[in-house]
Structure formats: C-alpha cells, structure tokens
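Ready to get to know a new protein by working through it? Grab a pencil, try each exercise, and then check your steps against the solution.

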Amino acid sequence: MAEEAVQNGNNHTDIPEIELIIKASTIDGRRKGACLFCQEYFMDLYLLAELKTVCLKVTTVDMQKPPPDFRTNFEATPPPILIDNGLAVLENEKIERHIMKNVPGGHNLFVQDKEVATLIENLYSKLKLMLLKKDEVSTNNLMSHLRKINAHLQRNNQRFLTGDTMCCFDCELMPRLQHIRVAGKYFLDFDIPVELAALWRYMYHMYQLDAFTQSCPADQDIINHYKLQQVGGMKMKKHEELETPTFTTSIPVGVSIDDTVN
C-alpha cells in the first residue's frame with residue numbers, strides 16, 4: 001500500500017485522524033486510481049481537513065496485487081474503505097452515513113436538496129451507455145442531461161450546486177464530469193459544448209479547488225479505467241504506461257468566466 005496524500009487538520013492531538021483507503025492506479029499501482037466513489041469521499045474528507053475538523057490520511061491500494069495485510073484485514077472488499085479510530089467502514093452508503101453522522105463537521109456537507117439529488121442522478125450511467133453503444137441516441141441522452149445541469153446552474157447563478165459553498169453533491173458531480181470530459185473525448189471525440197457556459201464556469205471553479213485537484217486521477221488513469229471495461233479488455237501500449245501523467249483542467253477559449261459569481 002502507498003500513502004498517496006496527507007492533509008493535516010493541524011498538529012493538535014485532539015484532531016481525529018481519518019484514513020481513507022482508495023484504489024490505486026491500474027497503470028502504476030501507486031498513484032490515485034480512477035474510482036469515482038474514492039474521489040468523491042476523498043473530496044468530502046479533504047474539505048473537512050481544510051476546516052481543521054479532521055486529519056486526513058489517504059492510502060492507495062493496488063487491487064491487481066493487494067498486499068497480504070490488506071487481504072487479511074478486508075478480504076475481498078474493494079476500496080473505498082474508511083477507517084475512523086480503528087473502525088473500518090466498508091460500504092459506500094455506510095461511508096456516507098459515517099461521514100455525515102460521525103465525522104466532525106460532516107453533517108454540514110450533506111445538505112438536503114431533492115431537486116439537486118434528482119438532477120445529478122444517473123448521469124454516470126448515461127456516460128457508460130454512451131461509451132458502450134457509441135451511437136447518436138445515447139450521446140443525445142447524455143447531452144440532454146448536461147443541458148439540464150447547465151440550466152440549473154444558470155438559473156440559480158451560484159458558484160456551486162446548492163449555493164456558494166461546496167456540499168456532497170458537488171463532490172459527487174465533479175468527478176463524473178471529469179470522466180465525461182476525459183473518457184468522452186478519448187473514445188468518441190465527445191466534447192462538452194462551449195455553449196453550456198454555466199456548466200463550464202462551474203467546472204472552472206472546481207478546478208481552482210485543492211479538494212478537487214488533489215483527489216483527481218490522471219487522464220491516463222481515467223482512460224485506462226474504461227479500456228479495462230471494454231469487451232476483452234483493451235491492453236495499454238508500452239509507451240502509454242510510461243507516459244508522464246497529465247491532468248485536463250483547462251477551460252475552452254470560447255468560455256467567458258467574467259460572468260462568474262463573485
């Protein structure tokens with residue numbers, strides 16, 4: 001296992017330490033992998049660490065060659081796994097509930113907003129369907145969903161989904177948008193249209209945040225994540241394995257960020 005990142009709340013011993021075990025890269029087995037739930041909870045906990053309510057330790061595990069101590073402690077359970085004061089929390093829903101109810105400050109992240117919850121629901125399934133079908137219908141379904149999110153952001157004129165501070169919904173949505181952007185471009189030459197200006201401004205704000213950039217997997221890892229899901233599994237070429245990791249965080253030239261919320 002490799003310790004990928006540590007974000008300290010502060011040096012006081014009364015700050016509880018939370019360890020988050022996440023999947024490692026399927027390319028080098030050490031850096032952050034492209035697991036959406038791993039990044040989502042990484043972002044949640046990073047935000048709390050910035051508020052100095054917890055000290056966060058993030059550890060990556062190569063699931064292709066899990067170390068003996070990991071297999072002994074967790075058997076076949078895949079990350080994300082949260083460890084709080086010796087208690088291991090293993091399932092996604094239980095991790096969310098634990099952060100909300102047991103981690104200091106966590107309840108502030110988990111706002112109740114049924115409209116937003118419904119808005120971002122099933123976005124990822126539409127990406128997977130588009131990558132599988134590679135047809136106009138599935139592409140249009142994804143585009144329609146992105147337009148709805150854009151309309152919500154434009155209508156509310158706020159920095160994030162529910163206001164001017166981040167919440168759990170942003171930690172859920174942004175990793176999925178990054179996968180849409182990187183994998184969609186690589187496999188289908190799909191681009192999020194420049195005219196979805198509110199969505200691009202939202203992504204611009206997210207790209208400025210350490211909570212996102214520190215948790216974001218490399219483009220190569222996102223691409224390889226979907227290559228491995230292809231029928232028969234697409235193998236990486238040697239030069240791809242040796243590539244220096246890149247991170248797509250730019251905004252299209254045609255997008256104006258002058259209209260962003262101050």
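A residue counts as buried when its relative accessible area is under 20%, as exposed when that area is over 50%, and as partly exposed in between. One thing to keep in mind throughout: what you see here is a predicted model.

**Exercise 1. Get an overview: how many helices and strands are there, and what share of the residues is buried?**

Step 1. Start with the secondary structure: the protein has twelve helices and five strands.

Step 2. Now apply the burial cut-off. Of the 262 residues, 49% count as buried.

Step 3. Finally, look at how the chain meets itself. Take the contacts between residues at least 6 apart in sequence: 76% of them join residues at least 24 apart.

**Exercise 2. Follow the chain from β2 to β3: in which sense do these strands pair, and which hand does the crossover have?**

Step 1. Find strand β2 at residues 17-23, then its partner β3; the two pair in the parallel sense, over seven bridges.

Step 2. Trace the path between them. The chain runs from β2 through α1 to β3, and this β-α-β crossover is right-handed.

Step 3. Pick out one facing pair: lysine 23 stands opposite valine 61 in β3.

Step 4. Check how covered β3 is. This strand spans residues 55-61, and six of its seven residues are buried.

**Exercise 3. Look at the rings of phenylalanine 42 and tyrosine 46: is their pair stacked, edge-to-face or tilted?**

Step 1. Count first: the structure holds five aromatic pairs. Phenylalanine 42 and tyrosine 46 make up one of them, with 6.3 Å centre to centre and 45° between the planes.

Step 2. Compare the angle with the cut-offs: under 30 degrees is stacked, over 60 is edge-to-face, and the rest is tilted. At 45°, this pair is tilted.

Step 3. Place the two residues. Both lie in helix α1 (residues 36-50), four residues apart, which is about one turn of the helix.

Step 4. Both phenylalanine 42 and tyrosine 46 are buried.

**Exercise 4. Stay in α1 and turn to phenylalanine 37: what lies over the face of its ring, and is the residue buried, partly exposed or exposed?**

Step 1. Phenylalanine 37 also belongs to helix α1. Its relative accessible area is 33%, so it is partly exposed.

Step 2. Over the face of the phenylalanine 37 ring lies arginine 176, at 5.5 Å from the ring centre.

Step 3. Compare sequence and space: phenylalanine 37 and arginine 176 are 139 residues apart along the chain, and their C-alpha atoms are 9.8 Å apart.

Step 4. List the contacts, leaving aside neighbours within four places in sequence: phenylalanine 37 touches Pro80, Asn92 and Arg176.

**Exercise 5. Now for some backbone oddities: which peptide bond is cis at proline 80, and what sign does phi have at asparagine 85 and aspartate 189?**

Step 1. Know the background: most residues other than glycine have a negative phi, and most peptide bonds are trans.

Step 2. The bond from proline 79 to proline 80 is cis, with omega near 10°. Proline 80 sits in the loop between α2 (68-74) and β4 (81-84).

Step 3. Asparagine 85 has a positive phi, near 55°. You'll find asparagine 85 in the loop between β4 and β5, and its relative accessible area of 76% makes it exposed.

Step 4. Aspartate 189 also has a positive phi, near 55°. This residue lies in the loop between α8 (168-188) and α9 (197-207). With 53% relative accessibility, aspartate 189 is exposed.

**Exercise 6. Explore glutamine 220: is it buried or exposed, and what does its side chain reach?**

Step 1. Find glutamine 220 in helix α11 (residues 219-227).

Step 2. Its relative accessible area is 9%, and therefore glutamine 220 is buried.

Step 3. Follow the side chain of glutamine 220: it makes a polar contact with the side chain of glutamate 243, at 3.2 Å. The glutamine 220 side chain also reaches the backbone nitrogen of threonine 246, at 3.0 Å.

Step 4. Fill in the surroundings. Not counting residues up to four places away in sequence, glutamine 220 touches Ile27, Arg31, Glu243, Thr244, Pro245 and Thr246.

Notes. Residues are numbered from 1 along each chain as its sequence is written. This is a predicted model: local features need pLDDT of at least 70, side-chain atom pairs count only at pLDDT 80 or more; totals for chains, interfaces and linings use all residues. Side-chain values use heavy atoms; hydrogens and water are left out. Rings of Phe, Tyr and Trp (its six-membered ring) pair if their centres lie within 6.5 Å; planes under 30 degrees apart count as stacked, over 60 as edge-to-face and the rest as tilted. Buried means under 20% relative accessible area, exposed over 50%, partly exposed in between (1.4 Å probe, protein chains only). A charge sits over a ring if NZ of Lys or CZ of Arg is within 6 Å of the ring centre and within 35 degrees of the ring normal. A polar contact is a pair of N or O atoms within 3.5 Å; within protein, one must be able to donate a hydrogen and the other to accept it, and residues adjacent in sequence count only if both atoms are side-chain atoms. Contact means heavy atoms within 4.5 Å. Two strands pair if DSSP finds at least two bridges between them. A crossover is right-handed if, with the strands pointing away from the viewer, the path from the first strand over the helix to the second runs clockwise.
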